[in-house]
Amino acid sequence: MTTTSTLTLGGLLGALIILYANLRPWWTGGREMKQLSSFAKGFGAAACAAACPGGALGWAHARTGTVANGSGERLGEGATGTSQATGLTSGQLAGLSATGAVIVVLAVFAVVLAWKTAGKAEKRRIVGGAYVGSALCLTAGVAGMLAWLPGALNGAGDAVVAAAQGAGIL
């Protein structure tokens, strides 16, 4: 299986359709944040996974780009007759340390647990958020907006280690 680190217009199209499908009910409804919480959990977990340079989470992030590109290009070309294979400027979250990686695993694990206890509709929203988050983190714009994330994850991991050492646990 191949993976990609570049999102195409078709991949962006697919991610934007899912994003719109999740934002529209919130916008036309009461605009309560709890309406977006499941989608945001998935998006957050995907953003954390996007900071991983490899491993299972890094592979899943890159694989999402391949899936998004393939499905979005088929959708766009089938609907319009025009190729959607033009690549976008790619971006990447970089700089995750070992302590930050611990926080990433814990965050993704928490979202997996939330998914396991969620209802059918909420599960779909979590998966949709993860798909959109992972796909959009392949673009330079979203990766640039989230460039602070690896540093924040590293800082949180360092704080956990320092607290554990201060408590005599480590």
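Colleague: How do the axes of α1 and α5 cross, and how close do they come?
Modeller: In this predicted model, the axes of helix α1 (residues 9-28) and helix α5 (residues 120-136) come within 9 Å and cross at roughly 140 degrees. Axes here are lines fitted to C-alpha atoms over the stretch in contact, with angles from 0 to 180 degrees between N-to-C directions. Helices are DSSP runs of H or I, at least four residues, numbered from the N terminus.

Colleague: So what do you call that angle between α1 and α5?
Modeller: That makes α1 oblique to α5, a label for angles that aren't under 35 degrees (roughly parallel), over 145 (roughly antiparallel) or 65 to 115 (roughly perpendicular).

Colleague: Which residues make the contact?
Modeller: From α1 it's L12, G14, A15, I18, L19 and N22, and from α5 it's R125, G128, Y131, V132, A135 and L136. Contact means heavy atoms within 4.5 Å.

Colleague: Take I18. Is I18 buried or exposed?
Modeller: I18 is partly exposed, at a relative accessible area of 26%; buried means under 20%, exposed over 50%, and partly exposed in between, using a 1.4 Å probe and protein chains only.

Colleague: And what does I18 touch, leaving aside neighbours within four places in sequence?
Modeller: G128, Y131 and V132. I18 and G128 sit 110 residues apart in sequence, but 6.5 Å apart in space, C-alpha to C-alpha.

Colleague: New topic: how should I read the numbering and the cut-offs?
Modeller: Residues count from 1 along each chain as its sequence is written. Local features need pLDDT of at least 70, side-chain atom pairs count only at pLDDT 80 or more, totals for chains, interfaces and linings use all residues, and side-chain values use heavy atoms, leaving out hydrogens and water.

Notes. Helices (H or I, at least four residues) and strands (E, at least two) are DSSP runs, numbered from the N terminus.
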